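This briefing goes through one protein model by topic. Please have the sequence and the structure open while reading.

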Amino acid sequence: MTTIEQPRDARAPETMQRRLLPLLAVTHATWMLTAGVSGVLVPAIIADIDESQKVAAYGLITAIAAVVALLSNIVFGAASDRTRWRWGRRRPWIIGGAIIGALGLGIAASSTDLPSIAAGYLVFQAALNAFLAPLVAIVPDRVPAKRRGAASSAVAFGALAGQGLGAVVGGLLIEHARTALAAVPWIWVLAALVIALMTRDTRSESSPRASSGLRRAWAFARSLTIPRDRDFLLALTSRLMMMTGMYAVTMYQLYILTDYIGADPVTAGALIATFGLIQLALGATSAALAGPISDRLGRRRIIVAGASVLLAAAMIPMAFVAQVPVLLGFVAAASVAYGAYQAVDTALMTEVLPNPDNAAKDMGILNISNTAAHVLGPVIASSLIASGLGYPALFLVGAALIGSSAILVLMIRRVA
């Protein structure tokens, strides 16, 4: 296995790393709380405005927003890598992205028509990725490879806890969707301020100083290219398949409950809150354990592939039985699988980065798997539903996509 170049803070004191990991967990929890709440409340607001077109409208808005997010992640990640501000290269983007993102959801919350909701959601997605690209680069920046499983577990634990809480909060406040959507994101802003101001930042030491504006622009444009590295591309494609299969199902959870299972909106909201509690208990616990186990074993791929297979298998019964107990079983199994996957796959991705000096940009490219899946997932879901194949086909296609990701991750060579 190729030796992985250590980050500049690889020999940092253990006390620093023990302080950093809880802050990473809390920060990821708050942005995922915001994303989880928006994932429940934005479709609820859309349905309130136009019930007959809710599926198509939500699919279109999230698809456009995901394209914006995809581009924003790469561009802002590269900008962060090359930032020479006295505050550091990550801190300004983390703070600014969170504040602007909260304002974007405030716009969506106050909107009374679909174009205004779309505008606010686009602002949110662009700003979220301006925040997220430098945030995810903190692990390859400052954590040695042998401890990245633990660091990734902290990230995944926080993210899954936040996602679960987001579902709970969104489900419980679905009848007060606009107020909740405007207020909750400011918790995220507070956490962004805390991690930015209470931890050290790094400066870009290797970015060349171009002599003119045109040369700087050209150098920046060239920095946006995708690395031609086999393992990097396999990791990217594997995660794309995984997240597309996941988002195709999870982004339509409200409509699965109301249109496939037959629950009324209030009951659906209560069930979504229950799903959030299950995810919080099982997913976050699985995430907390999987990363340190992978560090101890020195193995990443087999855990990632095994979690993918479990998740794919959990989807299949839902294609044949549209009942709440079966859905609860799916949520439980999926929570365990997805928690382990998120913890270990995040560590795996940091170990296929070709150049540590471009960590935020390359992590942003790997994050194409998440943002592109926000486009592909709703497109696949709405197409299957509109074609008459319906929700059973949605679960089977999701399982097939996730199963293929397990095969791709086992083909990676540079990571054990």
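The points below cover a pocket, a cavity, salt bridges, a surface patch and some contacts between distant parts of the chain.

The model is predicted. A search of the whole structure finds nine salt bridges and three cavities of 30 Å³ or more. The largest pocket has a volume of about 320 Å³, and a nonpolar patch on the surface has about 480 Å² of accessible area.

**Largest pocket**

- The volume of the largest pocket is about 320 Å³, and 15 residues line this pocket.
- Nearest the centre of the pocket lie Ala44, Ala47, Asp48, Ile174 and Pro265.
- Four elements give two or more residues to the lining: helix 1 (14-49), helix 7 (177-183), helix 11 (253-261) and helix 12 (265-297).
- Helix 1 supplies the largest share of the lining, four residues.
- By class, the lining of the largest pocket holds nine nonpolar residues, one polar residue and five charged residues.

**Second largest cavity**

- Three cavities of 30 Å³ or more turn up in a search of the whole structure, and the second largest has a volume of about 90 Å³.
- Twelve residues line the second largest cavity, and those closest to its centre are Arg90, Ile138, Thr199, Arg200 and Asp201.
- At least two lining residues each come from helix 3, helix 5 (138-142) and helix 8 (185-198).
- Helix 5 gives the most to this lining, with three residues.
- The lining of the second largest cavity consists of six charged, four nonpolar and two polar residues.

**Salt bridges**

- In general, side chains of opposite charge can pair when their charged atoms come close.
- Asp295 and Arg300 form a salt bridge through their side chains, at 2.9 Å from N to O.
- In this pair, Asp295 is partly exposed, with a relative accessible area of 21%, whereas Arg300 is buried, with a relative accessible area of 6%.
- Salt bridges with shared partners also join Asp229, Arg230, Asp231 and Arg414 into one network.
- Within the network, the side chains of Asp231 and Arg230 meet in a salt bridge at 3.2 Å, N to O.
- Asp231 has a relative accessible area of 5% and is therefore buried, since buried means under 20%.
- Arg230 has a relative accessible area of 36%, so this residue is partly exposed, between the limits of 20% and 50%.
- Asp231 also meets Arg414 in a salt bridge between side chains, at 3.8 Å from N to O.
- This second pair links distant parts of the chain: Asp231 is in helix 10 (residues 230-250) and Arg414 is in the segment after helix 17 (390-410), 183 residues apart.
- Asp231 and Arg414 are both buried.

**Nonpolar surface patch**

- The patch is formed by Ile99, Ile100, Leu103, Ile107, Val123 and Trp186, which together have about 480 Å² of accessible area.
- Helix 3 (residues 91-109) gives the most to the patch, with four residues.
- Leu103 is a member of the patch and is found in helix 3.
- The relative accessibility of Leu103 is 46%, so Leu103 counts as partly exposed.
- Helix 3 has a part in two of the features described here, as it also supplies at least two residues of the lining of the second largest cavity.

**Residues far apart in sequence**

- Ala66 is found in helix 2 (residues 54-82).
- Ala66 has a relative accessible area of 3% and is buried.
- Ala66 and His374 are 308 residues apart along the chain, with 5.3 Å between their C-alpha atoms.
- Asn367 lies in the loop between helix 15 (359-366) and helix 16 (368-386).
- With a relative accessibility of 12%, Asn367 counts as buried, because the cut-off is under 20%.
- Asn367 and Asn129 are 238 residues apart in sequence, and their C-alpha atoms are 9.6 Å apart in space.

Terms used
Residues numbered from 1 in each chain as written. Predicted model: local features only at pLDDT ≥ 70, side-chain atom pairs only at ≥ 80, totals over all residues. Heavy atoms only, no water. 1 Å grid on protein atoms, 1.4 Å probe; cavity = no way out; pocket = protein on both sides within 12 Å on 5 of 7 lines; lining within 4 Å. Points joined across faces, edges and corners; volume = space filled by probe spheres on them. Nonpolar A, V, L, I, M, F, W, Y, C, P; charged D, E, K, R; others polar. Salt bridge = Lys/Arg side-chain N within 4 Å of Asp/Glu carboxyl O. Buried < 20%, exposed > 50% of the residue type's maximum accessible area, 1.4 Å probe, protein only. Patch = residues over 30% accessible without salt bridge, like charges linked within 9 Å, V, L, I, M, F, W, Y side chains within 5 Å. Areas by Shrake-Rupley, 256 points an atom, 1.4 Å probe, with all protein chains shown as cover.
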